[in-house]
Amino acid sequence: MHARVVTLNVRADAASEAVKRYEDSIENSKNAPGYKMGILLTNPKTGKGFSITLWETEAQVIERNTDGYYQKQMETMGDVWSKPPVLEDYQVNVFYNHDI
């Protein structure tokens, strides 16, 4: 399994709008080949956050990063960023899913 991790910095006055747009983005991603799940982590005090999406294979992460979708989403959300997002890909070594 592989993860796409985006480090985000959101303007304080745009936090709720960023979360709404993220929810819309995840809704549009859920049918992409290999997509498993997405999570958004935020620190309301600093505006820093992380978007983490999990994918079956590295090739699917690379495809999603280069098919234009990521770039379109970043442009759509450009007015909420206080700094440009940073995209990184990781191998998932341990994943434990306990029903929350």
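This briefing covers one helix, two single residues and the nonpolar cores of the structure above. The model is predicted. Helix H1 runs from residue 15 to residue 29, and its buried residues are covered by parts that include three strands, S1, S2 and S3, and two helices, H2 and H3. The largest nonpolar core has ten residues.

**Helix H1**

- H1 has 15 residues, and at 1.5 Å a residue they should span 21 Å; the C-alpha atoms at its ends are 21 Å apart, so the expected and actual spans agree.
- Six names make up the list of buried residues in H1: Ala18, Arg21, Tyr22, Ser25, Ile26 and Ser29.
- These buried residues lie on the same side of H1, because they cover an arc of only 145° around the axis.
- In general, an α-helix has 3.6 residues a turn, so residues three or four places apart point the same way.
- Ser16 and Glu23 are exposed on the other side of H1.
- The cover over the buried residues of H1 includes strand S1 (2-10), strand S2 (35-42), strand S3 (48-55), helix H2 (58-66) and helix H3 (69-76).

**Ser51, a buried residue**

- Ser51 is part of strand S3.
- The relative accessible area of Ser51 is 10%, which is under the 20% limit, so Ser51 counts as buried.
- Its side chain makes a polar contact with the side chain of Tyr22, at 3.3 Å, and Tyr22 is one of the buried residues of H1.
- Not counting residues up to four places away in sequence, Ser51 touches Arg4, Val5, Val6, Leu8, Tyr22, Ile39 and Leu40.

**Pro33, an exposed residue**

- Pro33 sits in the loop between H1 and S2.
- With a relative accessible area of 64%, which is over the 50% limit, Pro33 counts as exposed.
- Leaving aside neighbours within four places in sequence, Pro33 is in contact with Trp55 and Gln60.
- Between Pro33 and Trp81 there are 28 Å in space, C-alpha to C-alpha, and the two are 48 residues apart in sequence.

**Nonpolar cores**

- The largest nonpolar core consists of Val6, Leu8, Val10, Ala14, Ala18, Tyr70, Met74, Met77, Val80 and Trp81.
- S1 and H3 are the elements that give two or more residues to this core, and S1 gives the most, with three.
- Apart from this core lies another, of six residues, among them Tyr22, Ile26, Trp55 and Val61.
- Met77, a member of the largest core, is in contact with Ala18, Arg21 and Tyr22, leaving aside its neighbours within four places in sequence.

Conventions
Residues are numbered from 1 along each chain as its sequence is written. This is a predicted model: local features need pLDDT of at least 70, side-chain atom pairs count only at pLDDT 80 or more; totals for chains, interfaces and linings use all residues. Side-chain values use heavy atoms; hydrogens and water are left out. Helices (H or I, at least four residues) and strands (E, at least two) are DSSP runs, numbered from the N terminus. The expected span of a helix is 1.5 Å times one less than its number of residues. Buried means under 20% relative accessible area, exposed over 50%, partly exposed in between (1.4 Å probe, protein chains only). The arc is that of the directions from the helix axis to the C-beta atoms. Contact means heavy atoms within 4.5 Å. A polar contact is a pair of N or O atoms within 3.5 Å; within protein, one must be able to donate a hydrogen and the other to accept it, and residues adjacent in sequence count only if both atoms are side-chain atoms. A nonpolar core is a set of buried Ala, Val, Leu, Ile, Met, Phe, Trp, Tyr and Cys residues joined through side-chain atoms within 4.5 Å.
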